[in-house]
Each structure stands twice: as structure tokens, then as C-alpha cells.
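Take a look at the chain below and turn it around a few times. Then let's walk through it together.

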Amino acid sequence: MSVVIRGRSAAARCRYAVLAALLALPFVPAMAAPQDYRFELAGPPAKLAHATLVNVRLVHVPDGKPVPGAVIVQSKFDMGPDGMAEMGGSVKALPATEPGVYRFEAQPSMPGNWGLTLSARVQGEPQAVRGTVTVPVPK
Ligand SMILES: [Cu+2]
């Protein structure tokens with residue numbers, strides 16, 4: 001009798017092991033994921049007469065390399081980093097001049113820390129890459 005019980009529990013353990021292996025499969029990092037990318041400020045923002053130029057580098061985190069050819073599909077500019085998320089400013093993407101560096105013309109309405117939230121399509125990535133860069137706007 002005890003042999004049968006031991007046999008059953010071994011079979012149950014085996015089933016759990018198979019189940020655990022199956023559940024773990026989708027999490028095996030077979031390819032890059034959106035969290036493998038990071039947007040970062042490429043130098044201080046440049047103040048023009050009526051706008052602020054912001055350069056953002058998109059980095060592939062595992063190898064630290066800049067990512068050229070991404071398509072910016074969404075950009076949002078607001079004072080979220082200073083607790084004023086409701087204060088928005090217009091922002092538009094400019095043509096890139098350096099591979100992996102994405103340029104934006106923003107209109108901050110006051111000095112302080114602004115957030116530039118971006119969504120981009122990267123070649124070979126099925127999902128959009130998102131991130132927020134804090135942009136310090138001086139007086
Ligand atoms: Cu504000």
C-alpha cells in the first residue's frame with residue numbers, strides 16, 4: 001500500500017515538474033524585449049528664442065549601443081517630474097542628424113523639470129518601446 005502511495009506522489013511530483021517547465025517557457029528570453037531599451041538625455045537641452053531643443057538617445061541596454069532607425073510614434077511633454085503632470089507643453093520630433101539620437105523641439109511654459117514621454121517602433125521588436133526622460137529646463 002505504501003508503495004502505491006509513494007508511486008502516486010512521485011507521479012504527482014513529475015506532473016508538477018512538467019507543468020512548471022511549461023509555465024516557465026514563455027519567460028525564456030529568446031529575443032529582445034521592450035524593457036531592453038532605454039531613452040536617455042543626450043546632453044543638456046538647448047534653449048532657443050521660442051523653443052527648447054531636446055536630444056534623446058535610445059540605447060539598447062544589454063550592449064549599451066545606440067539604436068538608429070527607430071520611429072517615434074508618440075511624444076508627450078509635461079511637468080510630471082515636478083508634480084505638475086496637468087501642465088503640458090507642445091513637442092514635435094525633428095529629423096535625426098546623428099544615428100540613435102532623436103531630436104525634439106519642445107515648448108516649456110515655465111522653468112523646472114519636464115518629462116518627455118516617448119513611444120517608438122524599433123526594427124525587429126513586435127512591441128513599442130516606451131520611456132520617459134526628465135528634461136531640466138533652466139530659467
Ligand atoms: Cu509647471
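## A tour of the fold

From the N terminus on, the elements of the protein chain run α-β-β-β-β-β-β-β-β-β-β. In other words, there is 1 helix and there are 10 strands. Keep in mind that what you're looking at is a predicted model.

How confident is the predictor, then? The mean pLDDT of the protein chain is 85, and 77% of its residues reach 70 or more. Two stretches fall below 50: residues 1-5, which have 0 contacts in the model beyond near neighbours in sequence, and residues 25-30, which also have 0 contacts beyond such neighbours. Where pLDDT is low, the predicted coordinates should not be read in detail.

Now for a sheet. Four strands form an open sheet in the order β6-β5-β9-β10, and the pairing is antiparallel. Which strands stand at the edges? They are β6 (84-89) and β10 (129-137); each has a single partner strand, so one side of each is left without a neighbour in the sheet. From one strand to the next, the twist averages 35 degrees. As general background, strands of a sheet pair through backbone hydrogen bonds, either parallel or antiparallel.

Here is how the strands of this sheet pair up, with one pair of facing residues for each:

| Strand pair | Sense | Bridges | Facing residues |
|---|---|---|---|
| β5 and β6 | antiparallel | 3 bridges | Phe 77 and Gly 89 |
| β5 and β9 | antiparallel | 7 bridges | Ile 72 and Ala 120 |
| β9 and β10 | antiparallel | 9 bridges | Ala 120 and Val 129 |

Follow Ala 120 through the table. This residue of β9 has Ile 72 standing opposite, and it also stands opposite Val 129 in β10. Strand β5 covers residues 71-79, while β9 covers residues 112-121.

Ala 120 turns up again in the largest nonpolar core. That core has 20 residues, and the ones touching the most other members are Val 56, Leu 58, Phe 104, Leu 116, Ala 120 and Val 122. Which strands supply at least two residues each? The list is β1 (37-41), β3 (52-60), β5, β8 (101-106), β9 and β10. The largest share, 4 residues, comes from β9. In soluble globular proteins, nonpolar side chains tend to be buried together.

Zoom in on Val 56 for a moment. Leaving aside neighbours within four places in sequence, Val 56 is in contact with Phe 39, Glu 40, Leu 41, Ala 42, Tyr 102, Phe 104, Leu 116, Leu 118 and Val 133.

Stepping back to the whole chain, buried residues make up 17% of the 139 residues. Among contacts between residues at least 6 apart in sequence, 54% join residues at least 24 apart.

For a spot outside the strands, try Pro 68, which lies in the loop between β4 (65-66) and β5. Is Pro 68 buried or partly exposed? Pro 68 is partly exposed, because it has 14 other C-beta atoms within 10 Å, and a residue counts as buried at 20 or more and as exposed at 12 or fewer. Not counting residues up to four places away in sequence, Pro 68 touches Pro 99 and Gly 100. Pro 68 and Val 101 are 33 residues apart in sequence, but 7.3 Å apart in space, C-alpha to C-alpha.

Methods:
Residues numbered from 1 in each chain as written. Predicted model: local features only at pLDDT ≥ 70, side-chain atom pairs only at ≥ 80, totals over all residues. Pairing = 2+ DSSP bridges. Axes fitted to C-alpha atoms, helices over the stretch in contact; angles between N-to-C directions. Contact = placed C-beta atoms within 7 Å. Core = buried A, V, L, I, M, F, W, Y, C linked by C-beta atoms within 7 Å. pLDDT = per-residue confidence, 0-100.
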